[in-house]
Structures are given as structure tokens and as C-alpha cells.
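Q: Hey, I've just opened this one and don't know my way around yet. Can you walk me through it?

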Amino acid sequence: MRTQVGIVGAGPAGLMLSHLLHRQGISSVVLESRSRDYVEHRVRAGVLEQGSVDLLRATGLGDRLDREGLRHEGIELRFDGESHRVAMTELTGRAITVYGQQEVVKDLIAARLAAGGTILFSAEATRLSGLESPSPVVHYRYEGRDEELHCDFVVGCDGFHGVSRSAVPDGVLHTYERTYPFAWLGVLAAAAPAVDELIYAHHERGFALYSMRSPEISRLYLQVPADEDIADWPDERIWAELRTRLETVPGWSLNEGPILEKAITPLRSFVVEPMQWQRLYLAGDAVHIVPPTGAKGMNLALADVALLGDAFAAWYADGRTDLLDDYSRTALRRVWRAQQFSWWMTSMLHRLNADDPYEAKLQSAALRYLTTSPAYATSLAENYVGLPTV
Ligand code: FAD
Ligand code: DHB
């Protein structure tokens with residue numbers, strides 16, 4: 001098979017890139033190791049920055065988003081038995097939209113298939129070759145056979161555990177990394193959200209987050225130790241812990257309901273530089289991971305491929321290489337802004353080292369400052385809704 005841009009991975013990054021390229025008249029093929037059903041039902045992120053919403057709308061993907069997405073103009077910080085609203089829209093003029101990642105993925109798949117695009121599901125890329133030549137190859141396994149996809153460029157959008165990054169020779173890439181001694185236990189529950197806005201709760205037993213997917217579905221998270229086993233968390237224990245950490249303001253209680261899904265995700269900060277080598281470009285979780293506290297993962301993936309869409313358009317239209325050459329440097333500015341913000345939110349809101357009371361005092365000081373200083377609150381708000389330029 002031959003195409004102009006070979007894309008590995010049908011997450012938000014790979015699918016959006018294929019969609020953007022199609023709009024510029026550039027052909028692409030997306031290879032995805034999982035089934036369509038699997039990627040359309042994988043429960044992950046839920047917060048779209050203003051810029052992501054603008055991108056989806058501008059490229060014809062705004063219909064269902066505008067109907068079903070929940071626009072939020074603030075978030076709540078809950079700590080020390082008090083609740084404080086960060087009025088994001090008042091402070092920045094921008095807002096976020098709560099719309100599940102799998103809904104974005106469903107919309108993108110539908111749009112690509114309706115436009116005659118090629119996404120091969122259950123097609124696992126096994127290795128890349130010829131990246132230093134004008135015609136690189138993605139080797140993949142499909143229906144029990146070894147196949148080859150020949151292209152002009154390869155874009156690795158295959159997430160943290162993908163194969164693309166490892167095609168770069170040793171010594172080229174530099175890795176920056178931080179692991180955290182805790183993870184998030186995430187649940188999806190058939191319960192009407194008890195609030196209109198997200199609650200980020202700092203509690204002595206650990207962080208908790210109250211989010212949602214629709215007027216009928218709640219999405220909740222609990223900080224748990226990094227090595228925690230989900231088998232030790234029967235539903236009743238999850239609800240009890242959520243009540244302890246969230247029901248800290250008088251007169252407020254959660255709505256409970258059947259738990260539809262639960263999983264534990266480790267927290268990690270990770271960046272690989274540069275995001276390109278020869279004819280291989282890397283985007284999204286394949287080159288950077290943020291802890292989820294700032295809700296940046298999916299948004300960064302979309303921001304990367306928006307740059308790549310423009311860069312390939314310039315190359316195919318008139319042979320311009322400047323945008324492709326600048327891709328890594330430009331994308332990394334936003335990546336590091338999100339790294340710093342996500343690390344800061346994570347450090348401020350989680351239970352850190354129980355043996356170090358100094359850290360807990362710093363956290364309280366930061367949270368208190370957010371409630372009294374419009375300047376500090378604006379800093380949180382402008383990062384959370386997404387910075388137009390970085
Ligand atoms: P992905 O969505 O990971 O897509 C990569 C795709 O590549 C996958 O479909 C994968 O199956 C495919 N693939 C991998 N290897 C191959 C191969 N060899 N051949 C072909 N295909 C391959 N962010 C938040 O902001 N909030 C959250 O609550 C949150 N929760 C998360 C929970 C989990 C379990 C994970 C893993 C991530 C979570 N994130 C969260 C982060 C966010 O979901 C990611 O940043 C986002 O999915 C990145 O999109 P992507 O397209 O770069 O990668
Ligand atoms: C959600 C996930 C996040 O990581 C976050 O910071 C806010 C909301 C969510 O899944 O709804």
C-alpha cells in the first residue's frame with residue numbers, strides 16, 4: 001500500500017491529523033492495533049480546552065460537540081472544609097467543554113470514513129524502516145499477514161507504549177521524566193452529577209476529582225498509591241472514600257449510582273526531545289505524557305497535529321520545509337508549558353509526603369493564595385482553558 005503520510009495510531013492525534021490532511025488534499029492511512037469498538041469505548045480524558053473546541057468546530061466536527069458538550073465557565077477548589085470557585089471565563093474570556101475523549105474519537109472516525117478515508121483497525125505496526133530515505137515504510141501485521149505501508153512521511157501517534165519512538169537510533173532522543181508515588185483510580189458511574197462544575201478537592205487522605213460526562217453520568221477520580229490493586233477497591237469502598245474526600249462542605253453530598261467502569265492509571269511526566277527525526281514526526285502521548293490533574297493530555301495531542309497539518313500543507317503545496325523543520329521546537333514550547341502547569345496542579349492538590357509537614361503547609365498557602373489573588377487565579381485559569389499562544 002502507498003500513501004503520502006503514514007500515521008500510526010488512531011487516538012485523537014492520529015485521527016485528527018488524518019482529518020486535517022484530508023482537508024488539505026493530502027492522502028494518509030491510519031494503522032491502529034486495536035479494534036474500532038475498543039478505541040471508541042476507551043474511557044479517558046474529558047476536558048477540551050477552548051482551542052481544541054475551536055479546532056473541532058473549524059474543521060466541521062462541532063455539531064455533536066455543540067449539542068452534547070457541557071460548556072464550563074469555572075471550576076471549584078475544595079480544601080479545608082471550604083469551597084472556592086475559580087471563575088475561568090470571567091478571568092480569561094475563555095471556557096472549557098466537557099466532552100469525553102471517546103466521543104471525539106467517534107466523531108473523527110465517522111468523519112474520516114464518510115470522506116472515504118482509510119483507517120485499518122486491528123493492524124499493528126511492528127517496525128519502521130527507511131526513515132532516512134524519501135520513501136519510508138511502516139511494517140505492520142494485518143489479518144495474520146505481514147504488510148508494508150510506503151509513504152513520504154511517517155507520523156507516530158501511537159501513544160506512550162507504541163513502536164514509533166523506538167525507531168529513532170540510540171543517542172538521538174533526550175528523555176525528561178518524573179514519576180509520582182501515586183496513581184488515579186477513575187470511575188464512570190450512572191449517577192446524575194451533583195454539581196454543574198468540576199471539583200478539584202485537596203484532602204488529608206488524598207486528592208479527589210468530581211467530573212461528569214452528561215446529565216446522567218458522573219466521572220470521579222481518587223488518588224491512590226502507585227502500586228494499588230483495583231481488586232482491593234470494591235464499589236462500596238470507592239463511594240465511601242469519595243464521600244470522605246468530597247463531602248467536606250456543609251449540606252453538600254454526592255449522588256451515587258452503579259459503577260460502569262473502573263481502572264487505575266499511574267501518573268507520569270515525560271517528554272522526549274526532539275519530536276522529529278528524519279522523515280519521522282512524533283505527536284501526542286508518543287512523545288509526552290502529563291499527569292492528568294491539569295487535563296492537558298488530549299489537548300496537547302490535538303495541538304501537536306494542528307501544527308503538523310499546517311506544516312505538511314506547506315510542504316505539499318509549494319515545497320516549503322520551514323514549518324516541518326520548526327515543528328519540534330514550536331510544539332515543545334506548548335508541551336513544556338503544559339508540563340509545568342500539570343506538575344504544579346499535581347503538586348498542589350495531591351497528598352505528597354505524609355512525613356513532611358512543610359510540604360502540606362506550602363500546599364495550603366498556594367490554595368489560600370488562589371482564593372485571594374486574582375492574579376494567581378488568572379494564572380491557573382488561563383493555563384486551564386488553554387493559552388492561545390505559548
Ligand atoms: P492515544 O490516545 O494513546 O492513541 C494512541 C493509539 O495508538 C492507540 O489507539 C493505540 O491503540 C495505538 N497504537 C499503539 N501502538 C500501536 C502500534 N504498534 N500499531 C498501531 N497502533 C498502535 N488525560 C486527561 O487529560 N485526563 C484523563 O483523565 C486521562 N486519563 C487517561 C487514562 C489512561 C488509561 C491513559 C492511557 C491516558 C489518559 N489521559 C488522560 C491522557 C489522554 O487520554 C492522552 O493524552 C490522549 O489519549 C493522547 O492521545 P494520542 O492520540 O496521543 O494517544
Ligand atoms: C477529567 C479528567 C481530568 O484529568 C481532569 O483534570 C478533569 C476532568 C475527566 O475525565 O472528566
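**Cysteines, annotation and cavities**

A: Sure. This is a predicted model, and the structure holds 0 disulfides.

Q: Why 0 disulfides?

A: A disulfide needs two cysteine sulfur atoms within 2.5 Å. The sulfur of Cys151 has its closest cysteine sulfur in Cys157, and at 12 Å that is too far for a bond.

Q: And are those two buried or exposed?

A: Cys151 is buried, at 0% relative accessible area. Cys157 counts as buried too, with 7% relative accessibility; the cut-off for buried is under 20%.

Q: New topic: what does UniProt annotate here?

A: An unreviewed UniProt entry carries the annotation "domain: FAD-binding", which covers residues 2-342.

Q: How much of residues 2-342 is helix, and how much strand?

A: Helix makes up 31% and strand 32% of that stretch. Its end C-alpha atoms lie 39 Å apart.

Q: OK, how many cavities of 30 Å³ or more are there?

A: There are 3 of them. The largest cavity has a volume of about 90 Å³.

Q: Which residues are closest to the centre of the largest cavity?

A: Of its 13 lining residues, Glu49, Lys296, Arg334, Arg337 and Ala338 are the closest to the centre.

Q: Which helices supply at least two residues of that lining?

A: Helix H8 (297-318) and helix H9 (322-349) each do. H9 gives the largest share, 4 residues.

Q: And how does the lining divide by residue type?

A: The lining of the largest cavity has 6 nonpolar, 3 polar and 4 charged residues.

Technical notes. Residues are numbered from 1 along each chain as its sequence is written. Chains are lettered from A and ligands numbered from 1 in the order in which they are written. This is a predicted model: local features need pLDDT of at least 70, side-chain atom pairs count only at pLDDT 80 or more; totals for chains, interfaces and linings use all residues. Side-chain values use heavy atoms; hydrogens and water are left out. Buried means under 20% relative accessible area, exposed over 50%, partly exposed in between (1.4 Å probe, protein chains only). UniProt positions are given in the numbering used here, feature names are shortened, and annotations may be inferred rather than shown by experiment. On a 1 Å grid over the protein atoms alone, a cavity is a set of points where a 1.4 Å probe fits but cannot get out, and a pocket is an open set with protein on both sides within 12 Å along at least five of seven lines; lining residues have an atom within 4 Å of a point. Grid points are joined across faces, edges and corners, and a volume is the space filled by probe spheres set on the points. Ala, Val, Leu, Ile, Met, Phe, Trp, Tyr, Cys and Pro count as nonpolar, Asp, Glu, Lys and Arg as charged, and the others, Gly among them, as polar.
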